[in-house]
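Me: Please pick one helix and take a close look at it with me. Then follow the chain outwards, so that I can see what surrounds that part.

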Amino acid sequence: MSENTTTPQEEIVLEARGITKQFPGVLASDNVNFDLRKGEIHALLGENGAGKSTLMNLIYGLHLPDKGEIIVNGKVATIHSPNDSIALGIGMVHQHFMLIPVFTVAENVMLGDETVKNGSLDRNAVTARINEISKQYGLDVDPNALVGPLPVGIQQRVEIVKTLYRHAKIVILDEPTAVLTPQEAEDLFRIMRDLTARGVSIIFITHKLKEVLAVADRITVMRAGRVINTVKPSETDSAQLANMMVGRQVILTVDKKDHQAAEEILKVEGLTVRDQRDLETVHNVSFSVRGGEVLGIAGVQGNGQTELSEALTGLRSPTGGKVTIDGNDLTGKPPRKITEAGLAHIPEDRQRHGLVLSYSIIDNMALCDYYHPPFSQRGVIQPKALDENARKLIDAYDVRTPSPFVSAGKLSGGNQQKVIVARELSRPVKLVIANQPTRGLDVGSIEYIHSEIIKMRDRGVAVLLISAELDEIMALSDRIAVMYRGQIVAVVDVKDTTREQLGLWMAGAHAETA
Amino acid sequence: MDWKRFSFIGLIIVVLFGVVVMVGQVKQPPLLIITSMLATTIAVATPLTLGALSGVFCERAGVVNIGIEGMMLTAAFFGWLGGIYMFHLFGLPAGVSIAFGVFFAILTGGLMALLHAVLSITFKVDQIIGGTVINILAVGLTGFLNRQLFFGKGSVFGGTVPGSPGVLPTIHVPITELFNSVCGASANCLQNVQAINRVFDQKPIAISAILLVFISHYVLFNTRWGLRTRAVGEHPKAADTVGINVVKMRYANVIIGGMFAGLAGAYFTIESVPSFEPLLTNGRGFISLAAMIFGNWTPIGAWAAALVFGASQALLINMQIFRDVIPPQWSFLQESYIVGLTPYILTMFILTGIIGKTTPPAADGVPYEK
Amino acid sequence: MQSEKQSISLTKRILQSISEAILIPFLAILTAVIIGGIIIWFVGGDPILAYKGLIQGSMGSKKAWSETAIWATPYIFAGLAVALAFKGGLFNIGAEGQLAVGAVFSALIGYALPGWLGFDLPAIIHLPLTILFGMLMGGVWAGIVGALKAYTGGHEVINTIMMNYIALNTTSYLLNGIMKDKSPTNVIARTPLIAESARIPAIFDGLRVHWGFILALLVAFLIWWLLNKTTLGFEIRTVGLNPDAAQYAGINVKHTIIVTMLLSGMLAGLAGSIEVTGLNYRHELGFSIGYGYDAIAIALLGRSHPLGVVLAAFLFAAMRNGATRMQFLTQLPVDLISMIQALILLFVAADAIIRYIYRIKSKGERVVLTRGWGG
């Protein structure tokens, strides 16, 4: 941690005063005041939708504030586009990387600030400068590598190099650890401290309480577009921070009774799957899930979980291996057959796979079942049955909507997910596959989905939970399998392991099966 | 562009040329046939090359442009019309009028592209619908004006279609004739050198097309403009975050694309034949798109694919010359119908991707929302 | 209590959605008419007289109505073809070719079948066979493209256009060759007349309008029912809106794409078929040039809704029919109609322009057709 508690009147390099921004239907920033001191790591904490990213996008120049000022190094700044903020020494690393996969590292770094010699791009000069920065800040990147195949941790470094290439003195990191293993996150924190030691000031956006307490000098909590408070880590704890984030007491753990595992429901043997680019992303994976238990697959995104889940739910054909549900061989069968065999699938990307946004809630509730009675008779749809079904589920799952005819696209993320959960879990199911079920949701919805998952488990259903949030895995799972580079590298009981141990496995250390 | 694709192209060209040589060698020496085919191929591929380049620029920047056909058609019409006006109404000499015609054609192409840009980028209309609208508008506009301006009430031409000032001349580029001295006195050798040189005797637009292929390649892959264009077509948000004006880049590239299409239009009425007929572009704009796709959105690849189509058309033309010597078992070659279908079937075949998977720019066709 | 609130808002909602649906196309037509009027005035014509001629020629007498209905018939079928494809997320630019194929093969069965069999057929058998065969061939013509899209990813825009050219060349070849009307007085490329037993009767004595028109209206209703009330329709629409969700929902996306194109092609084939059996009683080369592209405009103007398509088809039919009278009164070329239609299309497709001009808010998700382009 940098030692700024001893120096008087620490220099303020960036200040936001009275920032207000209204988007259609949402007040994203409500009279926000925020300041950043030189050389500090200032964390901006809040749950999804709290307004953290919006504030940073305003500072970076991607949007214009309706009201308020941004002051950089003591002077009021007019920031109309990223060009202006870059010129002021502000750099931003976005949550979803702004990198072009088919370009090289050098091309990505120089984009927008290209060095040109005699009319053509001067790649050599750029490469030289990148190597210089790499050495100076310990960010080892190969300027001539194509960005697409690079591991996520390295891609993030390229993003940081991009900001330093433009002489940034203020660096904003938006949810940087969302895609990192615990070890990589530690690496990132080391880099951050190195940067601040050289006078760079960092704003670090996150929703993870533990990180914030570990690495920040100051923490500002936002909720619903407003700043709630700014505190030092030494003055607070997780419970208080969570309270500030959500506005009420939050139960940070899930109440779970001991599971009574029954027979095997899902059995996966030697599964191999290839992805869009015909690369093998799942290698020879085997595991099983029993009725009444939750098996959590931990792992950073991009280690094959997506393809694994697609293969199990029929969205992609595996190239080898076997998948059995309750004794039935369903390897490579289409989604409908697997659904009929008792699968409920809560997909990773709810707006892409789980819903048709312009259909009403009624139609979405019957999305997977429209083809059989009572929803249709001999090819003709029965609107009354659909209607009844939807109303029943909206009630039972507390979906907040003025009417069942509202199109799903108008619902909040949490309510959209509830529609999917209601649809999937209201069928007679034997197996639930939930892939990143709480991504991007507010705390209230997260709590609800967690309790539904436990309810299913207690009812004897087998649950396969795939999540990049380690806390979620540890809270809900009975057993945990870790996926790394397409293989299951460990399977343990939740009681027999620790966060650190799981983190090591997620990073590829100790490739063994417990 | 990988070897598999290039070798497929090479194979087809060899086959097409081979057929013509085999049939025609009873009438003419093979060298003469090959050089003649090559010369024709290059000339005929011109609108396809330019159309494909138009597509490359638009789509590399992220805007799908299926209105190339309509842009070519309108440009062909207004280029031809412009030449006529300059020649008959302003009394300018033929050469100048023709030059004006080319200029008008390019301008028209750019303006039609501007319309497409406004629809696609600012109004975020589905780009395929927008392109189709351009095509339909082109047909309606040229059909209407073609009738009204010459035969309508108050027409300055009083009910007749005036003759065009002419076509662009063939430029004699004495490349191989530099080697005349090597031949000494051998008449045969001189004749061969002359024959080979015919390949290089092309008209201005054809020559420009080839030059533009290489210029485009350089610009796209080695300049700041090209880097930013490609960025905007792959990941516009990323380009936006480093301060690039996505909208401006897209507009600029679409208009450039339109100008290429305009030059292609000029080929039809100013380089090929000095007259306008409704729908004279005959699908060339769409075949250009297939060439672009097959060339994996690269200028040189697209040019190679355009040459294949050009070769199939050259085959058709040469079959007419040799129709009296076609052996009976190959009489189907006489049927212009079957040979005439080649470009279309070839296009469909290429689109199946059997020859190789193609990757469009990642953000191609997606309107940019901030 | 809640259901009462719901039923009020249901009626209100229906009215709202109808007015919203009509508003943009109405304004688009209005704007195009105004601009058309300006163009007419610009080239020296009288806009009022021109539009008066249009209206007189298309609706001014029983005969005018009959002719308008005749023009509308193929427009309805072809418009439905394109609209159905749109609903399925596909852009069928090939209506032109599918129509021609449907026409030529119908003509074949119409004039040749009795000869092949050696005896005459009763109309009850011959006519349906004739129509069906044309319809099926149109379906196949489009189905090929559907299969290519489903299994190879080839985008249907270019493939249908290629099939159009192939159809054009093929019909030309056939009509100048083996299917040519060999009677001594004939010089043009056309088939012989089809047998009496293969002709659709007229509805009224003395007017040309035939039962094919009624069939068109029925088919429009049928397509509406298919799209909105059946599971197949649900599948088509879901694939059109979100193929990923459709796959997840258990729909076989590949099959649906092929079926959609088949149905679309069948409708276009029907357009050609009905023209041959109900109006011309033969296939004359080039009789249908432009119908396919008009169909695109009609489908867009009708917002891909069967009722909208019928109304839009009527509008275009009225314009085509009235154009002759307009030309008679004002000496303006009939091509002007094409210009105005192109303008209407421009404003409908770019409804954002209309919204911008008249300050209307937008809503909702749209079918995206550029998906899968080139990749």
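Reply: Let's begin with a ruler: the span expected of a helix is 1.5 Å times one less than its number of residues. Helices here are DSSP runs of H or I with at least four residues, strands are runs of E with at least two, and both are numbered from the N terminus. The model is predicted, so local features need a pLDDT of at least 70 and side-chain atom pairs count only at pLDDT 80 or more, while totals for chains, interfaces and linings use all residues. Residues are numbered from 1 along each chain as its sequence is written, and chains are lettered from A and ligands numbered from 1 in the order in which they are written.

Our helix is α5 of chain A, residues 152-165. Its 14 residues reach 20 Å from the first C-alpha to the last, close to the expected 20 Å. Now for its surroundings. A residue is buried if 20 or more other C-beta atoms lie within 10 Å of its own, exposed if 12 or fewer do, and partly exposed in between, with C-beta atoms placed from the backbone. In α5(A) the buried residues are Gln156(A), Arg157(A), Val158(A), Glu159(A), Ile160(A), Val161(A), Lys162(A), Thr163(A) and Leu164(A). They pack against the helices α3 (105-110), α4 (123-137) and α6 (182-197) and the strands β6 (90-93) and β9 (170-174), which belong to chain A. After the helix comes His167(A), with a positive phi near 60°.

Where does the helix sit in the chain? Chain A is divided into domain 1 (12-246), domain 2 (253-342 + 428-514) and domain 3 (360-427); these bounds come from an automatic or database domain assignment. Taken over C-alpha atoms, the centres of domain 1 and domain 3 of chain A are 41 Å apart.

What about confidence? pLDDT is the predictor's confidence in each residue, from 0 to 100. Chain A has a mean of 88, and 95% of its residues reach 70 or more. Among its elements, helix α8 (residues 238-246) has the lowest mean, 84, and strand β21 (residues 431-435) the highest, 95.

Moving on, we meet a sheet. Two strands pair if DSSP finds at least two bridges between them. Four strands of chain A form an open, antiparallel sheet in the order β14-β13-β16-β17. The edges are β14 and β17 (328-329) of chain A, each with a single partner strand, so one side of each has no neighbour in the sheet. Strands β13 (264-274) and β14 (280-290) of chain A are joined by seven bridges, and Arg274(A) stands opposite Glu280(A). These two strands make a hairpin with five residues between them, where Asp278(A) in the turn has a positive phi of about 65°. At the other edge, β16(A) (residues 320-325) and β17(A) pair over two bridges, with Thr324(A) facing its bridge partner Asp329(A).

Two loop residues are worth a stop. Gly304(A) lies in the loop between β15 (294-298) and α9 (305-313) of chain A and is buried because 25 C-beta neighbours lie inside 10 Å. Two residues are in contact if their C-beta atoms, placed from the backbone, lie within 7 Å. Not counting residues up to four places away in sequence, Gly304(A) touches Thr281(A), Val282(A), Met483(A) and Gly486(A). Ile79(A), in the loop between β5 (75-77) and α2 of chain A, is buried too, with 22 other C-beta atoms within 10 Å. Leaving aside neighbours within four places, its contacts are Gly61(A), Ile70(A), Asp84(A) and Ser85(A).

Finally, chain A meets chain B. The contact takes 18 residues from chain A and 14 residues from chain B. On the side of chain A, α2 (82-87) and β8 (120-121) give two or more residues each, and α2(A) has the largest share, three residues. By class, that side has 10 nonpolar, six polar and two charged residues; Ala, Val, Leu, Ile, Met, Phe, Trp, Tyr, Cys and Pro count as nonpolar, Asp, Glu, Lys and Arg as charged, and the others, Gly among them, as polar. Across in chain B, nine of the 11 residues of helix α9 (224-234) are buried. Those buried residues pack against α3 and β8 of chain A together with α2 (30-60), α8 (204-222), α10 (236-241) and α11 (246-272) of chain B. Recall that α3(A) is also among the elements that the buried residues of our starting helix, α5(A), pack against.
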